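Reader: Please take a close look at the surroundings of the ligand in this model. I should then be grateful for a word on the cysteines and the aromatic rings, in one connected account.

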Amino acid sequence: MTEKTDVVLIGAGIMSATLGALLRQVQPNWSITMFERMDAAAPESSDPWNNAGTGHSALCELNYTPQNADGSVDISKAIDINERFQVSRQFWAYGVENGVLGNPSEFINPIPHVSFVHGADNVDYLRKRYEALVRHPLFDTMEYIDSPAEFGRRLPLMAKGRDFSDPVALNWTDSGTDIDFGSLTKQLLAYLGRSGVSIAFGNEVRNLDKQSDGSWNVKVRNTRTREIRTVNAKFVFVGAGGYALPLLQKSGIEEMTGIGGFPVSGLFLRCTNPELIHQHEAKVYGKAAVGAPPMSVPHLDTRVINGNRGLLFGPYAGWTPKFLKDGKNSDLFKSVKPNNVFSMIGVGLTEMSLTKYLISELLKSQSGRVVALEEFIPRADGRDWELITAGQRVQVIRRKGAGGVLEFGTAVIAAGDGSIAGLLGASPGASTCVSAMLDVLQKCFPGEFTGWMPKLKEMVPSLGVKLSENQALFHEVWDWSTKTLRLTDNTPKLAGVAQN
Ligand SMILES: Cc1cc2nc3c(=O)[nH]c(=O)nc-3n(C[C@H](O)[C@H](O)[C@H](O)COP(=O)(O)OP(=O)(O)OC[C@H]3O[C@@H](n4cnc5c(N)ncnc54)[C@H](O)[C@@H]3O)c2cc1C
């Protein structure tokens with residue numbers, strides 16, 4: 001017999017958890033069923049060790065502030081990312097105040113966000129970046145530092161043994177964050193459970209069939225008993241991470257025509273030496289090597305996981321044809337369809353720099369990885385670092401002309417009738433989960449969205465307003481979310497050393 005539910009959420013990662021919580025708030029009477037193929041919450045990209053935990057708000061990531069041909073710095077992308085992060089902060093603050101979320105320090109902690117460059121040309125770029133950003137209300141607390149003494153005071157681990165005849169510069173903002181997206185997901189899932197959402201772990205969605213009334217039959221297999229059941233839903237959200245692509249392909253919606261995916265795994269060096277971990281307290285982002293893709297920007301990251309402090313460096317790229325860490329080697333091959341084969345071949349022929357980058361990364365030994373780390377920590381010793389495999393990203397490939405183009409962002413794909421939507425891509429990812437899921441609500445529920453607006457504005461007071469153009473509102477929501485999320489004092493939380 002086919003069970004019926006209003007909403008099916010596929011995957012227990014940050015995206016489905018966020019969408020579930022938003023829906024519970026605006027439409028508490030809808031029945032919601034979540035399926036997760038693994039036996040745990042947030043086991044894939046949203047797990048804290050599977051991503052870098054940076055609350056991406058474009059304070060430190062140089063790929064969001066490219067330099068124009070005339071030497072000026074384009075900050076439009078940085079403003080957009082920062083605005084999106086403000087949306088997340090507000091929803092999380094609302095969640096803490098209203099019993100949706102628990103202790104904020106378990107998922108968000110303040111940590112300086114820092115851009116770091118060396119070499120005269122790069123220093124010149126970073127000064128221009130600072131001058132462009134600091135004039136903007138969302139970035140007006142940024143500092144520019146180029147004195148070796150101040151560099152050494154703020155980043156002692158990075159200063160020790162550094163040859164300062166090679167000029168250095170930093171863009172420094174104190175109000176950055178480290179986020180444990182696994183812990184945040186678990187808090188949201190606990191709320192969903194408390195509010196009557198059915199969450200079925202160890203249940204893998206195998207197929208999606210559109211019915212004549214516009215609803216979807218979702219075929220689910222219990223991974224332990226292998227029993228198959230069918231659940232009928234009026235709306236399906238495919239928050240399956242890397243498996244969103246094959247599931248959306250199975251749905252047969254025309255919006256997937258020409259879309260393919262290319263998997264890239266992330267590897268990090270994790271510090272095992274407590275002394276080093278305590279000598280660094282910042283997320284420091286450098287510049288990607290020429291020709292390297294944006295997700296390869298090297299960074300040295302303080303992490304706060306389970307109330308303990310850790311240190312990561314990376315990412316290095318790995319490669320496997322799997323679309324999830326726990327995926328199958330046939331994933332990439334099976335995703336090639338008549339409608340996307342030319343997009344994929346096109347990308348294969350044009351993205352030579354990505355191919356070269358991946359080959360060079362795959363050939364890197366531990367000592368090669370330490371050489372990259374030495375740019376940040378000149379006296380790095382490989383024995384203080386262990387290699388860990390982070391999450392799997394599936395970069396979106398779209399049709400362009402006769403070929404295809406590789407995208408590095410996050411894309412919401414929704415059917416024209418709004419009955420199904422999914423999220424593809426990885427960056428800026430989890431940090432912008434709330435604006436991505438509001439986008440899903442707006443695209444898929446145009447009829448209800450206007451009626452939901454008052455509740456949505458209660459959760460995200462700046463909804464529909466550009467904070468960069470409304471400074472009074474920006475200060476109001478900033479002060480409120482900073483206080484509610486307890487982002488003013490981090491000292492007691494940074495005590496121990498994080499363990500896997
Ligand atoms: C190396 C790396 C570093 C990153 N760093 C950052 C960062 O610093 N900051 C940031 O904001 N973002 C970062 N991201 C991106 C961020 O991790 C992702 O955008 C985010 O976690 C995606 O959440 P999700 O819920 O879509 O997917 P996931 O967390 O992957 O969840 C998808 C879930 O769906 C389940 N699933 C899959 N198929 C099925 C099925 N058929 N049936 C049932 N369940 C299924 C999976 O088991 C999984 O639990 C990073 C990503 C990577 C890989």
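Author: A polar contact is here a pair of N or O atoms within 3.5 Å. By that measure, Ala-52 makes such a contact in this predicted model, since one of its polar backbone atoms is 3.1 Å from a nitrogen atom of the ligand. Thr-54 likewise contributes through its backbone, with an N or O atom 2.9 Å from a ligand nitrogen. Ser-46, by contrast, uses its side chain: a polar atom there lies 2.6 Å from an oxygen atom of the ligand. Around these contacts the protein closes over the ligand, covering 97% of the 1000 Å² of accessible area that the ligand has on its own. Four elements each give two or more residues to this shell, namely helix H1 (14–26), strand E2 (32–36), strand E9 (203–210) and strand E16 (385–400). The shell holds 38 residues, of which Glu-36, Ser-46, Thr-54, Val-205 and Ser-431 come nearest to the ligand. Ser-46 and Thr-54 thus appear both among these nearest residues and among the polar contacts just described, Ser-46 by its side chain and Thr-54 by its backbone. As to character, the shell divides into 18 nonpolar, 15 polar and five charged residues.

The cysteines come next. The count of disulfides is zero. Cys-60 has as its nearest cysteine sulfur that of Cys-433, 18 Å away; because a disulfide requires two sulfur atoms within 2.5 Å, Cys-60 is in none. Cys-444 is also in no disulfide, and its nearest cysteine sulfur, again that of Cys-433, is 17 Å away. Both of these residues are shielded from the surface: Cys-60 is buried, because its relative accessible area is 0% and the limit for buried residues is under 20%. Cys-444, at 6%, counts as buried as well.

The aromatic rings form 14 pairs. One of them joins Tyr-130 and Tyr-144, with centres 5.7 Å apart and planes at 35°, so that it is classed as tilted, between the limits of 30 and 60 degrees. This pair links distant parts of the chain, as Tyr-130 sits in helix H3 (residues 120–134) and Tyr-144 in strand E5 (residues 143–145), 14 residues apart. Tyr-130 is partly exposed, with a relative accessible area of 22%.

A second pair, Phe-151 and Phe-164, is edge-to-face, because its planes stand at 75° and the limit is over 60; the centres are 5.5 Å apart. Here too distant parts of the chain are linked: Phe-151 belongs to helix H4 (residues 148–154), whereas Phe-164 lies 13 residues away in the loop between helix H5 (156–159) and strand E6 (168–173). The two partners differ in accessibility, for Phe-151 is buried at 1%, while Phe-164 is partly exposed at 27%. Both belong to a cluster linked by ring pairs, together with Phe-116, Phe-313, Tyr-316 and Phe-376.

One further residue may be placed. Pro-66 lies in the loop between E2 and helix H2 (76–97), and strand E2 is one of the elements that supply the ligand shell. Pro-66 is partly exposed, with a relative accessible area of 38%. Its C-alpha atom is separated by 23 Å from that of Ala-436, a residue 370 positions apart from Pro-66 along the chain.

Terms used: Residues numbered from 1 in each chain as written. Predicted model: local features only at pLDDT ≥ 70, side-chain atom pairs only at ≥ 80, totals over all residues. Heavy atoms only, no water. Near = heavy atom within 4 Å. Polar contact = N/O pair within 3.5 Å; in protein donor to acceptor, adjacent residues only side chain to side chain. Areas by Shrake-Rupley, 256 points an atom, 1.4 Å probe, with all protein chains shown as cover. Nonpolar A, V, L, I, M, F, W, Y, C, P; charged D, E, K, R; others polar. Buried < 20%, exposed > 50% of the residue type's maximum accessible area, 1.4 Å probe, protein only. Phe/Tyr/Trp six-rings, centres within 6.5 Å; stacked < 30°, edge-to-face > 60°.
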